[in-house]
Amino acid sequence: MAQVRRLPQSLATNTTIFSALAIFGIGAYCARSYILPHADAESKESPVMFSGFGFTSLRLQSVKAVNHNTKRLVFEFPDKNARSGLSLTSALLTFSRPNGRWLPVVRPYTPISALDQQGTIELMVKHYPNGKASTHIHSLVPGDTLTFLTALKSFSWVPNQYPQIYAIAGGAGITPIYQLIRGILDNPNDKTKINVVFGVNSEQDLLLRDELDEYKRRFPGRFDYVYTVSQLGEEKDGLKKGYVTEELLKGVAGGKGKDAMVFVCGPPAMEDSLVGSRSSKGILEKLGFEKGQVYRF
C-alpha cells in the first residue's frame with residue numbers, strides 16, 4: 001500500500017515551513033499546476049515530470065478499491081509522453097489541504113507503477129482512521145487533482161551491486177519493497193536474486209499479491225516470497241500463520257547473509273524488532289547481518 005511513510009528527520013522538521021511557503025505564495029514561483037513538463041522542443045527524450053522542487057498538480061484518472069481500506073489511484077501527466085523521472089528507489093511528497101485544517105499536510109507516498117512509464121503514475125494508498133492525508137486522498141474522485149511537492153530519493157540502487165537481497169515488508173510497507181522488486185526484475189541487465197517476507201494482519205491485506213505471483217512465475221529460482229498472516233484461520237498453500245519472527249527469518253536467510261543486503265519497511269514495532277536499538281540486538285543482527293547490510297525505507 002502506498003504506505004504513509006515516515007518523513008526523513010530533516011523533512012519532518014520542515015513540514016511547517018513547507019506549509020507556510022504554500023500559504024504565503026512563495027512556492028507559487030515554481031508552481032507547475034497542470035502545465036506541460038519541461039522538455040527541449042528538439043529533444044526526442046520524453047519530458048520529465050518530477051525534476052526538482054515545485055508544485056505539480058496532477059489530475060486523477062481512475063480509482064480502484066483494493067480492499068476495505070486501500071485504493072489504487074492513477075494520476076495522468078499533462079503530456080502523454082512524459083515520464084516521472086524518478087530514480088530507483090524514490091517516493092513523492094504530496095501536499096494536501098484537508099477540510100477543517102488551516103495548515104496543509106505533506107506526506108510521502110511510493111509509486112507502484114514503472115518509473116519509466118509514460119503518461120501516468122500510480123499510487124496505492126492505505127486509509128488510516130486518523131490519517132489526514134490518506135483521508136483526503138481517499139476522498140478524491142476522477143477529475144480531482146492532487147499536488148506533489150518533490151521527489152524523495154531513498155536507497156540508490158545499482159544493478160548487480162549485491163548477488164542477493166532480502167526484502168521484509170509489513171502491511172503498508174510493501175510499496176517501496178515492490179518498487180525495488182519491480183525495478184530489479186524488469187531490468188534485463190540486473191541479475192540480483194530476491195527473497196521477500198511479507199507480514200500482514202489478514203489475507204485481504206496481501207496487497208500486490210497478483211503482481212508478486214506473476215514475478216515468481218516469470219523468475220523461478222531467482223524470486224521467491226513468504227507470506228505470513230497473523231489472523232489466519234489455518235495455514236494453506238503459500239500462506240503461513242503468524243508474524244515476522246526470528247524463527248521465520250532464520251529459515252529464509254539464516255546463514256546466508258554474506259554479500260547480501262536487507263531492506264526493511266513496515267510498522268515501527270516490526271522494524272525495531274528487526275533492526276534493534278542501542279541497548280538490544282535486533283533479529284537481523286542475531287542472524288549475522290551487519291548494520292551496513294540493512295536499510296530501512
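Lys-132 sits in helix H3, which covers residues 132–138. The model is predicted. Lys-132 is partly exposed, with a relative accessible area of 40%. Beyond its neighbours within four places in sequence, Lys-132 is in contact with Pro-98, Arg-101 and Val-105.

**Annotated positions**

Lys-132 also appears in the UniProt record. That unreviewed entry lists Arg-107, Pro-108, Tyr-109, Lys-126, Lys-132, Ser-134 and Thr-175 under "binding site". Thr-175 belongs to helix H4, residues 174–185. Is Thr-175 buried or exposed? Its relative accessibility is 0%, so Thr-175 counts as buried. Lys-132, at 40%, is partly exposed. Tyr-109, another listed position, stands opposite Leu-92 and is part of strand E4.

**Overall make-up**

The chain has eight helices and twelve strands. It holds 297 residues, and buried residues make up 51% of them. The exposed area is about 14,700 Å², with carbon and sulfur atoms supplying 50% of it. Contacts with a separation of 6 or more are counted next. Of these, 72% involve residues 24 or more positions apart.

**The six-stranded sheet**

In which order do the strands of the open sheet run? The order is E4-E3-E6-E1-E2-E5, and the pairing is antiparallel. E4 (105–109) and E5 stand at the edges. Each has a single partner strand, so one side of each is left without a neighbour in the sheet. From one strand to the next, the twist averages 40 degrees.

Edge strand E4 pairs with E3, residues 90–96. The two run antiparallel and are joined by five bridges. Leu-92 faces Tyr-109 of E4 across this pairing.

**Salt bridges**

How many salt bridges does the count give? The count comes to ten. Three of the pairs are set out here.

| Pair | Closest N to O distance | Sequence separation |
|---|---|---|
| Glu-76 and Arg-59 | 3.7 Å | 17 residues |
| Arg-72 and Glu-122 | 2.7 Å | 50 residues |
| Glu-203 and Lys-236 | 3.3 Å | 33 residues |

Take the first pair. The side chains of Glu-76 and Arg-59 meet in a salt bridge at 3.7 Å. Glu-76 lies in strand E2 (residues 70–76) and Arg-59 in strand E1 (residues 56–67), so the pair ties together parts that are 17 residues apart in sequence. Arg-59 is partly exposed, with a relative accessible area of 32%.

Now the second. Arg-72 forms a salt bridge with Glu-122, and their closest N and O atoms are 2.7 Å apart. Why does this pair tie together parts that are 50 residues apart in sequence? Arg-72 lies in strand E2, while Glu-122 lies in strand E5 (residues 120–126), so the link spans that separation. Both Arg-72 and Glu-122 are buried. The pair also belongs to a wider arrangement: Arg-72, Glu-122 and Glu-211 are linked in a network of salt bridges.

The third pair lies in loops. Glu-203 and Lys-236 meet through their side chains at 3.3 Å, N to O. Glu-203 is in the loop between strand E8 (193–200) and helix H5 (209–218). Lys-236 is in the loop between strand E9 (223–229) and strand E10 (239–241). The pair thus links distant parts of the chain, 33 residues apart. Glu-203 is partly exposed, with a relative accessible area of 24%. Lys-236 is partly exposed as well, at 44%.

**Backbone exceptions**

Most residues other than glycine have a negative phi, and most peptide bonds are trans. Three places in this chain deserve a look on that score.

Where is the cis peptide bond? It joins Leu-88 and Thr-89, with omega about 5 degrees. Thr-89 is placed in the loop between E2 and E3.

Asn-160 has a positive phi, near 65 degrees. This residue lies in the loop between strand E6 (145–153) and strand E7 (164–170). At 39% relative accessibility, Asn-160 counts as partly exposed.

Asp-259 also has a positive phi, near 70 degrees. Its place is the loop between helix H6 (246–253) and strand E11 (260–265).

Conventions: Residues numbered from 1 in each chain as written. Predicted model: local features only at pLDDT ≥ 70, side-chain atom pairs only at ≥ 80, totals over all residues. Heavy atoms only, no water. Salt bridge = Lys/Arg side-chain N within 4 Å of Asp/Glu carboxyl O. Helix = DSSP H or I, 4+ residues; strand = E, 2+ residues; numbered from the N terminus. Buried < 20%, exposed > 50% of the residue type's maximum accessible area, 1.4 Å probe, protein only. UniProt positions renumbered as here; feature names shortened; annotations may be inferred. Contact = heavy atoms within 4.5 Å. Pairing = 2+ DSSP bridges. Axes fitted to C-alpha atoms, helices over the stretch in contact; angles between N-to-C directions. Areas by Shrake-Rupley, 256 points an atom, 1.4 Å probe, with all protein chains shown as cover.
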